[in-house]
Amino acid sequence: MFWTTLIGGLVATAGTGMALGAALGLTGLVILHVFSNGATSLAVDAIWNVFNSFTLSAVPVFILLGEILLRSGVSERAYTAFSPLFRRVPGGLLHTNIAVCTLFGAVSGSSLSTAAAVGSVAYPEMTKRGYNKDMVVGSLAGGGTLGLLIPPSLSFLIYGALTETSIGRLFAAGIVPGLMVGSFFMAYLLVRCARDPSLAPRDESHASLFEIIAGFRHIWPILALIAAVIGSIIGGLATPTESAGLGVIFAILLTSIWGDLTFRKLLDAIYHSALLFASVGFLVLGATILAKSVSILGVPQQILETVAESGLGAYSVLLIVVLIYLLLGCFFDGLSLMIMTLPVVFPLLTGLGFDPIWIGVVITIVIEIGQVTPPVGLNLSVLTALTNNEVSLGRVAIATVPYWLIHLFAIVLLSLFPILALFLPNLLF
Amino acid sequence: MARSFGFLVAQVLRGLAFACAIAGSLGIAAIVCIISTSVVMRKLGTPLHVTEEVVGLLLSVSLLLALPMITLRAQHVRVALLVNAAGGVWLRALTVLGMLLSLIFFGWLMLEIIPWFEFAYDRNLKTQTSRLLLYPWMAVMPVTIVLTMAILLARLVGILPEEKEDARPGFTDQSETMT
């Protein structure tokens with residue numbers, strides 16, 4: 001009865017084309033009303049509590065950072081700089097998306113912010129250049145997932161706080177898997193575009209080493225911006241949210257002096273970032289009501305407890321946990337899912353002998369998959385919003401399937417070779 | 001007469017949604033300013049203790065204030081698989097059903113918000129650290145939800161046509177306040 005209501009409610013409401021946030025919220029309210037003795041009043045508290053969050057405020061601030069860069073002509077310069085580097089590589093600027101997402105992951109701490117900020121810069125530029133739209137949004141949605149894996153990461157911060165695991169070790173553990181996944185993404189793009197050159201316009205002109213290096217002088221302010229954001233966190237100067245705020249101030253100063261940012265463009269950037277945040281935020285609002293309705297019934301815990309009681313081996317349980325995360329990832333945003341399930345998953349997996357740091361990395365990758373799984377894949381949603389519905393949620397989801405599979409492959413590799421995640425923290429701490 | 005009344009209602013709704021969106025934008029700008037000031041003040045040895053609470057409140061109200069505008073411009077994230085496949089009467093039926101369900105959602109939420117707001121108002125609830133009164137911030141939720149419902153209702157009865165999806169006017173663009 002519960003599952004019929006959940007799945008049937010979601011399909012029936014979302015199928016009408018109404019706002020997905022409202023569809024999720026309405027299903028959540030129905031579940032609260034029917035299965036929790038009419039406890040629908042919990043929905044408003046849940047919404048208010050989720051959005052009264054200092055950590056979450058990094059999301060609109062990083063969206064604003066991207067909008068400022070977009071309107072100040074930086075995107076033109078970034079692509080001018082990266083063009084020679086990837087000119088003769090099949091896939092061209094699609095590789096740039098992954099490279100910039102990797103770099104931006106080192107500034108943003110959030111998968112959503114990475115997809116939003118890099119996407120707002122890259123999508124208009126690449127569609128203008130004639131790249132296949134599905135390939136562009138796929139690379140951005142997939143590349144955006146690197147934001148949670150490469151430090152600073154909101155996922156690691158919350159995981160560390162909830163499980164009393166060293167956040168410094170978690171940050172260090174995310175670096176190698178993050179770079180590894182990024183490399184796999186680029187390898188996939190290389191193969192795909194070599195087989196079908198129509199996906200990405202190819203420039204056959206030759207670029208000398210000097211030209212490549214000279215191109216990067218155009219983007220030194222972006223590199224300075226990344227250094228400022230990362231430096232402020234590593235130097236203990238600011239939290240990720242604070243460094244996001246400082247990043248915006250730094251971006252305004254830089255692009256006013258060096259770019260084309262005017263006061264009007266700045267106002268425009270702020271206005272659009274507010275609308276974009278609201279578009280994504282409304283989805284989070286609906287997901288929060290649904291998450292509340294399901295978590296109050298203890299559904300995730302019941303599922304995981306059944307798994308724990310079955311007497312399976314460690315890796316079988318891990319596989320089931322991953323599958324459950326993948327299933328629940330269809331309905332919940334990543335951080336909500338992690339917060340809801342950690343009280344059961346963490347003791348379960350550590351009890352089976354898995355390293356807490358390693359578990360943090362694997363869970364982060366799995367919830368990243370949830371970020372690109374419809375209907376509640378927030379990376380997909382942010383990109384759909386960024387393209388102004390030019391590319392539908394379904395199309396973005398299909399375009400992101402290869403990145404989804406690469407993440408699963410990364411989990412397999414991490415399971416076979418846990419040292420990939422544990423090497424750096426063991427070396428540094 | 002009825003046509004001019006409909007025109008007036010549509011103009012008022014557009015104006016209110018635009019005003020709310022501007023206020024939401026100011027909220028985002030304020031978040032950046034407060035966070036940056038907070039970092040500087042901390043370095044100067046006089047940390048701002050109110051930062052986290054005020055930023056959290058600004059985040060909530062910024063989201064809510066921009067909600068009517070994204071509803072007006074149909075910029076919500078939605079699953080369009082069925083809608084794209086449908087046509088004619090079926091498309092119209094789905095659209096009407098979608099708007100009705102959205103109205104039910106916002107209406108239901110509104111029913112829950114009223115006692116929630118009254119509770120905070122009657123007790124003059126304040127934030128823990130900065131002792132800011134909560135109800136003025138909380139009042140944004142019912143106000144923006146009523147406005148969002150009014151926009152949906154106006155669209156349902158045909159007063160307010162759905163604006164073009166490819167139109168992406170900005171802060172400096174006047175199209176929000178024009179027909």
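**Exercise 1.** Is A:Ser36 buried or exposed, and what is its relative accessible area? Establish also where A:Ser36 lies and what it touches in this predicted model.

*Solution.*
1. Location: A:Ser36 sits in the loop that links α2 (20–35) to α3 (41–51) in chain A.
2. Accessibility: the relative accessible area of A:Ser36 is 13%.
3. Classification: the term buried applies under 20%, so A:Ser36 is buried.
4. Contacts: with residues up to four places away in sequence left out of the count, A:Ser36 touches A:Ile31, A:Ile296 and A:Leu297.

**Exercise 2.** Compare the span of helix α15 of chain A with the expected value, then determine how many of its residues are buried and describe what comes just after the helix.

*Solution.*
1. Extent: α15(A) comprises residues 263–296, a total of 34 residues.
2. Span: from first to last C-alpha, α15(A) reaches 47 Å. At 1.5 Å a residue, 50 Å is expected, and the computed span is close to that value.
3. Cover: 27 of the 34 residues of α15(A) are buried, and the helix is thus mostly covered.
4. Beyond the helix: A:Gly298, just after α15(A), adopts a positive phi of about 70°.

**Exercise 3.** Characterise chain B by its secondary structure, burial, contacts and exposed area.

*Solution.*
1. Elements: chain B has six helices and zero strands; read from the N terminus, the order is α-α-α-α-α-α.
2. Burial: of the 179 residues in chain B, 48% are buried.
3. Contacts: taking contacts in chain B between residues at least 6 apart in sequence, 73% connect residues at least 24 apart.
4. Surface: chain B exposes about 8900 Å², and 69% of this area is supplied by carbon and sulfur atoms.

Definitions and conventions. Residues numbered from 1 in each chain as written. Chains lettered and ligands numbered in written order. Predicted model: local features only at pLDDT ≥ 70, side-chain atom pairs only at ≥ 80, totals over all residues. Heavy atoms only, no water. Helix = DSSP H or I, 4+ residues; strand = E, 2+ residues; numbered from the N terminus. Buried < 20%, exposed > 50% of the residue type's maximum accessible area, 1.4 Å probe, protein only. Contact = heavy atoms within 4.5 Å. Areas by Shrake-Rupley, 256 points an atom, 1.4 Å probe, with all protein chains shown as cover. Expected span 1.5 Å × (residues − 1).
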